Amino acid sequence: MSKLHLVFGGRVRDPQTLDFVDPDKLEVVGIFPDYAAAEKAWRAAAQRTVDDAEMRFVVVHLHRLLEPTLPTG
């Protein structure tokens, strides 16, 4: 099974949380086939908004949601 990763982000209420202000306006950067590709996309999105402390991007391990019993290693 592919180890898919989702990268998305948006404006948060508090930069130390993932409490997104408006989930309807989340920016989906994309779905990637491996962590390395997802991290590269995440870094690019985060760098683009580096001066805006209320913008936050994350990497979600979709494969862990789809197959939670698979080993993580």
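**Helix H1, the nonpolar core and an aromatic pair**

Helix H1 comprises 14 residues, 35–48, and at 1.5 Å a residue these should span 20 Å, which agrees with the 20 Å that separates its end C-alpha atoms. The model in which this helix appears is a predicted one, and the values that follow should be read in that light.

The buried residues of H1 are three alanines, Ala-38, Ala-41 and Ala-45. Because they cover an arc of only 65 degrees around the axis, they lie on the same side of H1. Against what does this buried set pack? The buried residues of H1 pack against strands E1, E2 and E3, the last of these being residues 55–61. On the other side of the helix, Ala-36, Lys-40 and Gln-47 are exposed.

At the start of H1, the side chain of Asp-34 comes into play, with one of its oxygens reaching to within 3.3 Å of the backbone nitrogen of Ala-36. Pro-33 is placed in the loop between E2 and H1. With a relative accessible area of 53%, Pro-33 counts as exposed, because the term applies over 50%. Pro-33 nevertheless touches Lys-3 and Leu-4, when residues up to four places away in sequence are left aside. The C-alpha atoms of Pro-33 and Leu-4 are separated by 4.8 Å, although the two residues are 29 residues apart along the chain.

From the helix we turn to the core. In soluble globular proteins, nonpolar side chains tend to be buried together. In this model the largest nonpolar core has 6 residues in all, namely Leu-6, Phe-8, Val-12, Phe-20, Val-58 and Leu-62. Two of its members, Phe-8 and Phe-20, are both aromatic and both buried.

How many aromatic pairs does a search of the whole structure find? The search finds 1, and it is formed by Phe-8 and Phe-20, whose rings lie 5.7 Å apart centre to centre, with 45 degrees between the planes, an arrangement described as tilted. The pair links distant parts of the chain, since Phe-8 belongs to strand E1 (residues 5–11) whereas Phe-20, 12 residues apart from it, is in the loop between E1 and strand E2 (27–32).

The surroundings of Phe-20 extend beyond its aromatic partner: setting aside residues up to four places away in sequence, Phe-20 touches Phe-8, Gly-9, Gly-10, Arg-11, Val-12, Arg-13, Leu-26 and Arg-56. Among these contacts, Phe-8 and Val-12 are also members of the largest nonpolar core.

Notes:
Residues are numbered from 1 along each chain as its sequence is written. This is a predicted model: local features need pLDDT of at least 70, side-chain atom pairs count only at pLDDT 80 or more; totals for chains, interfaces and linings use all residues. Side-chain values use heavy atoms; hydrogens and water are left out. A nonpolar core is a set of buried Ala, Val, Leu, Ile, Met, Phe, Trp, Tyr and Cys residues joined through side-chain atoms within 4.5 Å. Buried means under 20% relative accessible area, exposed over 50%, partly exposed in between (1.4 Å probe, protein chains only). Contact means heavy atoms within 4.5 Å. Rings of Phe, Tyr and Trp (its six-membered ring) pair if their centres lie within 6.5 Å; planes under 30 degrees apart count as stacked, over 60 as edge-to-face and the rest as tilted. Helices (H or I, at least four residues) and strands (E, at least two) are DSSP runs, numbered from the N terminus. The expected span of a helix is 1.5 Å times one less than its number of residues. The arc is that of the directions from the helix axis to the C-beta atoms. A polar contact is a pair of N or O atoms within 3.5 Å; within protein, one must be able to donate a hydrogen and the other to accept it, and residues adjacent in sequence count only if both atoms are side-chain atoms.
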